[in-house]
Amino acid sequence: MKVNFYLKSLGCKQNQLEGQIIENELIKKGCTKVSSINKADIYILNSCTVTSHSDSQVNYLLNRAKRLNPKIKTVLTGCCAQTYKLHKDFNYSEIDLILGNSEKLEIEKYINNLFVQKTEKLFVKDIMKQKTFENSFLLNPDSTRASIKIQDGCNNRCSYCIIPFARGNSRSNTVENILKQIDLIVEKNIKEIVLTGIHIGQWGLEFGQNLLDLLKLIEKTSIPRYRLGSLYIDELDDETIDFLAKSKKFCPHFHLSLQSVCDKTLKNMNRRYKVEDIFKVVEKLHLSFNLPFLGADIITGFPREDDEDFLETYENLKKLNLSKIHCFPYSKRENTPAYSMVQVEDGIKTQRAKKILELSAQLHKNFLEKNQNTIQEILIEKKSPKTGFYSAVTRNYIKIHFKSEENLRHELKTVDLSNYVLE
């Protein structure tokens, strides 16, 4: 069926990538992407469920679509759809089609029935029974960097996290698929890839390999630059760091899934490392790379976190000398162990998050100042049709903008950052 569709993806980079794949497949089947809900026959919401706010956003967006266009058919897919049984207060009665994470990449199989009376509307398999990796790949020649999904799911059971129930246990893409995708990307003159997944540090567990094994193979390909998605601190051992430090292709841009820098809170979170491990790895990263970008995730107001625990995290974050901190208040998720722990007041959680975000702004300012007079390689990205300025990014994830009449997109150039405003 050839229909007009409007698609919105929420949440992580992997969900964004999967949303683009859904969009691409529908267009291949003759459907038309439209930019307005009023012009659409179908509204597809590729959802996130990492926080309670995510669920509220799903409710709001689906209801809004029906208000704007009462005749529109709504499709809920993604993580909120996958975990629908865990959300007691969620109203699914007005949604026309619900597809789990295993079903969404084959969405064209289901949408034909949307306009048939009294058809089944719920298609959500038990993702915990999913054993194989669902290979999906999107090659957009207009992009200057491409994402490769190397892994899905997570074997950890952090006490606050619902994602394993939405994504299942860890499943890895094969070496053959990954290397083939890199070759296709290189053919399109794309200079940088990003390795994505729900927990990329668990890549290869099913077939007796690890992430470092994969990186050694990527090093031999023709791709000029690659970045890694989020990593746990205990997945950056000395051997991996030493390899990356010698790499000619790796971009020294780390996103560390820390969540806390207090031993008591880490234990309550069921994380598998301690504060001393964080300091050891971060120190090694600073020593091994020249001005690496070190980002981190932090949750404030986790159950049982008192003022002293928060202060410990805050002071430790200052000592770690990170480049930026992504911080958010703890969000209660039903059916997780942390849900039944003693909770911190919402106002206190928000105040703590604000304090860490203020620290993050100062840390990022310091990081940019250290880079201001350095020589860096940049990858030139898109040119704004409004301003005429190109955007570009360094290996260590600093963004710059500049004007040029030349066609520079996809180019790698070495520049003096003292000539640019850094972001």
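This is a short tour of a predicted model, stop by stop, with something to select at each one.

**Stop 1: strand β1**

Start by selecting residues 4–9, which make up strand β1. Turn on the side chains and look along the strand. In a regular strand, side chains alternate between the two faces of the sheet. You can see that pattern here: F5, L7 and S9 point to one face and are buried. N4, Y6 and K8 point to the other face and are not buried.

Now add residues 32–33, which are strand β2. β1 and β2 run parallel and are joined by 2 bridges. If you'd like one partner to click on, F5 has K33 in β2 as its bridge partner. To follow the chain from β1 to β2, show helix α1, residues 13–28, because the chain passes through this helix on its way, making a right-handed β-α-β crossover.

**Stop 2: strand β3**

Next, select residues 42–47, strand β3. This strand pairs with β1 in the parallel sense, over 5 bridges. Here L7 has I44 in β3 as its bridge partner.

Is β3 enclosed by the rest of the structure or open to the outside? 6 of its 6 residues are buried, so β3 is largely enclosed. Check both sides in your viewer: I42, I44 and N46 are buried on one face, and Y43, L45 and S47 are buried on the other.

Bring in residues 73–78, and you have strand β4. β3 and β4 are parallel too, with 6 bridges joining them. S47 stands opposite G78 in β4. Add helix α2, residues 52–68, and you have β3, α2 and β4 together as a right-handed β-α-β unit.

**Stop 3: aromatic rings**

How many aromatic pairs does the structure hold? There are 14. A pair of aromatic rings is described by the distance of the centres and the angle of the planes. Let's try that on two examples.

Select Y6 and Y43. Their ring centres are 5.6 Å apart and their planes are at 10°, so this pair is stacked. Y6 sits in β1 and Y43 in β3, so the pair ties together parts that are 37 residues apart in sequence. Y6 is partly exposed, with a relative accessible area of 22%, while Y43 is buried at 1%.

Now hop to F293 and Y397. With centres 5.5 Å apart and planes at 80°, this pair is edge-to-face. F293 belongs to strand β13 (residues 293–300), and Y397 is in the loop between β16 (389–394) and β17 (399–403), so the pair ties together parts 104 residues apart in sequence. F293 counts as buried at 6% relative accessibility, whereas Y397 is partly exposed, with a relative accessible area of 25%.

While you have rings on screen, select Y226, F250, F254 and F289: they form one aromatic cluster.

**Stop 4: charges over rings**

Select R271 and Y232. R271 lies over the face of Y232, 4.3 Å from the ring centre. For another example, pick K332 and Y339: the charged end of K332 sits over the ring of Y339, 4.6 Å from its centre.

**Stop 5: Y160 and its contacts**

Click on Y160, in the loop between β8 (151–152) and α5 (163–167). Is Y160 buried or exposed? At 11% relative accessibility, Y160 counts as buried. Leaving aside neighbours within four places in sequence, its contacts include Q259, M269, R271, I299 and F302. You met R271 at the previous stop, over the face of Y232. Other contacts of Y160 include Y330, R333, T336 and A338.

Try the distance tool as well. Y160 and T119 are 41 residues apart in sequence and 36 Å apart in space, C-alpha to C-alpha.

**Stop 6: S360 and the cysteines**

Go to helix α12, residues 346–371, and find S360 there. S360 is buried, with a relative accessible area of 5%. Beyond residues up to four places away in sequence, S360 touches S323, K324 and I325.

Last, colour the cysteines. How many disulfides does the structure hold? The count is 0. For C327, the nearest cysteine sulfur is that of C262, 14 Å away. C327 is buried, with a relative accessible area of 8%, and C251 is buried too, at 0%.

Conventions:
Residues numbered from 1 in each chain as written. Predicted model: local features only at pLDDT ≥ 70, side-chain atom pairs only at ≥ 80, totals over all residues. Heavy atoms only, no water. Buried < 20%, exposed > 50% of the residue type's maximum accessible area, 1.4 Å probe, protein only. Helix = DSSP H or I, 4+ residues; strand = E, 2+ residues; numbered from the N terminus. Pairing = 2+ DSSP bridges. Phe/Tyr/Trp six-rings, centres within 6.5 Å; stacked < 30°, edge-to-face > 60°. Lys NZ or Arg CZ within 6 Å of the ring centre and 35° of its normal. Contact = heavy atoms within 4.5 Å. Disulfide = S-S within 2.5 Å.
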